[in-house]
Structure formats: C-alpha cells, structure tokens
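This report concerns the charged side-chain pairs, one pocket and one helix residue of the structure shown below.

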Amino acid sequence: MSVLVYTESENGKFKKNAFEVASYAHEVAQQMGTSATAISFNADENAQLGNYGVSKVLNISNDQLKTFNAKAFANAIAEAAQKEGAQVIILSSSADTKFLAPLLAGKLGAGYVPNVVGAPDSTSPFSVKRTAFSNKGFAHTEIATEMKIIGVSNNSFGAHENPATASVEDFNPLLNDGDFSTKSVDIDKVVGKATIADADIVVSGGRGLKGPENWGMIEELADVLGAATACSKPVSDLGWRPHGEHVGQTGKPVASNLYIAIGISGAIQHLAGVSSSKVKVVINTDPEAPFFKAADYGIVGDAFEVVPQLIEKLKAFKAQNA
C-alpha cells in the first residue's frame, strides 16, 4: 500500500505545486508507515521528485495526454491507484485538479476533501484541516471512505526537500475513445511571464485603473517584482484584460505569498478568492473600500500617483542590492 500523488507538469517541466504535493505525500506516507508514489504525464525529469520524498514515479509518455483532459487523466490516475494499492491520493488545488478530482472520486468511490492546509491531524481515523466559509474559518474533516483524495491548498504546506532515490517506471494506462469525449479546441496561455498559479507575488488591478490603456503600470510593477498580473471580474467582463487573469471566487483562486490589489474595492467574491494569500496589500482612493478590512497593509491614495512612486523606489532598492 502506498500514497499516490499526481504531479502536474507543463511542456515537460513540473509546476511549482508538484513539489509541494510531493512533499505532502511524503509526510502522509511517513505517518502511515508506507511510501509515496508519484504519477506524472509526459514530464522530462521525473527523478527530481525523489528530492521531495517520492520513492517511485509512474511515468506516462503518451501524445494523447500532452494536453490536460480531466476524464482521461482521472481514469489514468484511478488505474495507477488500483495498480499500486493506494488508499490515499494527493492532488494540488489548481483549476485542473478541481475539475479532475470529482471525476476521480466518483470513479473510485472515494471521499474528497479540497483546500487542505496541513498534514493530517490523524491517519486513524483519517482527519485533515481545511479552510471553510470562503476561507474565513477552518474545519477538521474526517474521511471515512476506504479510498481518500486530498486536495492541498496552494502554498499552505510548502515544498520540503527529503532526498531519496526515486525509481522511474513506465506506465501505460488503458485509454478508450470515451476518455476523450471532451476536447480542448483552443488554449490561451501566458508565455514568458509568471502565471497566477505559480507566482509568489500577484499584482492585480480593478476598475480604478479607468481603462486598459493604463495597464502599463500594473505590468511594470509586476515586472519589477517578478510577479504575475491579474484583475477583478468587472475588468475582464469589460474586456480590458483576458478572462484568464480574472481572480476571485468566480475566477482563479490566489494563494500567493503577496497579493497587491490596485483600484479594487473588494467585492465579497473577490476577497473570498484571494483570502488564502499570506500578505495582502491594497491601494485605493476610497478609505471605506471593503478591501481595507481584509488587507494586512493599505494605502489610501490615487494609484496613478502611488504606483509610479512605488515602482521607482523598488527599482532603486534593487539597484542598491544588485
């Protein structure tokens, strides 16, 4: 019996969250007195997962699975779990895995707990701590099913090196046409910039920017910080920014180490989607904006005056410490 962890990759490279969930799987395996096995899809450097405590990697090399397909991936992971006799499956909390997890749980008859923020409180009974009430509280949830699926909240556990030698084994799951009944027609990806899912820092803009022509300072601040850019829902609805940058409860969730909100008042749906960020900073002209109540730091001021000064100071600081 082992713990199985799905490690996400893109263009052959593991995503940042792959190392976090591998570390989490190692911790769970230690508590259960077993080992951690990873499953990867078309990744190039599988052996590096051993640095995070994985003892074996099931490597799938299949051109049909180079693009994420929730049903096909779920079926492949389920087959791997049955092959390994795994009773615990670890996933991240990415947009892809939240689509995949319910399919996987239904196929295996498993209990699924998302948004888990720490190692299990206990493995007998199996109990984990997760966020609840739009990240306003925590719940200690017991999973009573024989098969268990855990979705680890991004940046909650961290990537911890536990050096081991990981054996790599080719794995060829059974695929059928029904697995590909849903196909991706077009995928719009950010190229050459930090992505919202992987970024430690996210700089986000709202309607306070007044128009898409003013987005240059958001991008410049993000470049200085090595951050990803994001926006509020109204901004994407207006067509100022692509929908892929929309963050919040109805967009992409953010669990960055630093989240900077510029010209965003802080609707409840937006706050719920970014509340997992460790430090939140808001810049807004309205001192009564709801975001100030949720922020760790706030600046009451005009973004068109504050942000250029912030960029200038950051550039000077970086130059002094280069």
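In this predicted model, a network of salt bridges links Lys56, Lys83, Glu84 and Glu169. Within the model as a whole, the count of salt bridges comes to 12. Three of these pairs are listed here.

| Acidic residue | Basic residue | Closest N to O distance |
|---|---|---|
| Glu169 | Lys56 | 3.8 Å |
| Glu220 | Lys315 | 2.7 Å |
| Glu8 | Lys15 | 3.9 Å |

The salt bridge between Glu169 and Lys56 links distant parts of the chain: Glu169 belongs to strand E12 (residues 167–170) and Lys56 to strand E5 (residues 56–60), 113 residues apart. Glu169 is partly exposed, because its relative accessible area is 29%.

Glu220 and Lys315 meet in a salt bridge that likewise joins distant parts of the chain, from helix H4 (residues 216–225) to helix H8 (residues 303–320), across 95 residues. Glu220 has a relative accessibility of 32% and therefore counts as partly exposed; Lys315, at 42%, also counts as partly exposed.

In the pair formed by Lys15 and Glu8, both residues are buried. Glu8 is also among the residues touched by Thr97, together with Tyr6, Leu91 and Ser92. Thr97 lies in helix H3 (residues 95–108) and counts as buried because its relative accessibility is 1%.

The second largest pocket has a volume of about 320 Å³. It is lined by 18 residues, of which Lys98, Asn115, Asn135, Pro253 and Ala272 are the closest to its centre. Strand E9 (126–132) and helix H6 (268–274) each contribute at least two residues to this lining. By class, the lining comprises 12 polar, four nonpolar and two charged residues.

Notes:
Residues are numbered from 1 along each chain as its sequence is written. This is a predicted model: local features need pLDDT of at least 70, side-chain atom pairs count only at pLDDT 80 or more; totals for chains, interfaces and linings use all residues. Side-chain values use heavy atoms; hydrogens and water are left out. Helices (H or I, at least four residues) and strands (E, at least two) are DSSP runs, numbered from the N terminus. Buried means under 20% relative accessible area, exposed over 50%, partly exposed in between (1.4 Å probe, protein chains only). Contact means heavy atoms within 4.5 Å. On a 1 Å grid over the protein atoms alone, a cavity is a set of points where a 1.4 Å probe fits but cannot get out, and a pocket is an open set with protein on both sides within 12 Å along at least five of seven lines; lining residues have an atom within 4 Å of a point. Grid points are joined across faces, edges and corners, and a volume is the space filled by probe spheres set on the points. Ala, Val, Leu, Ile, Met, Phe, Trp, Tyr, Cys and Pro count as nonpolar, Asp, Glu, Lys and Arg as charged, and the others, Gly among them, as polar. A salt bridge is a side-chain nitrogen of Lys or Arg within 4 Å of a carboxyl oxygen of Asp or Glu. Lists of a residue's contacts leave out its neighbours within four places in sequence.
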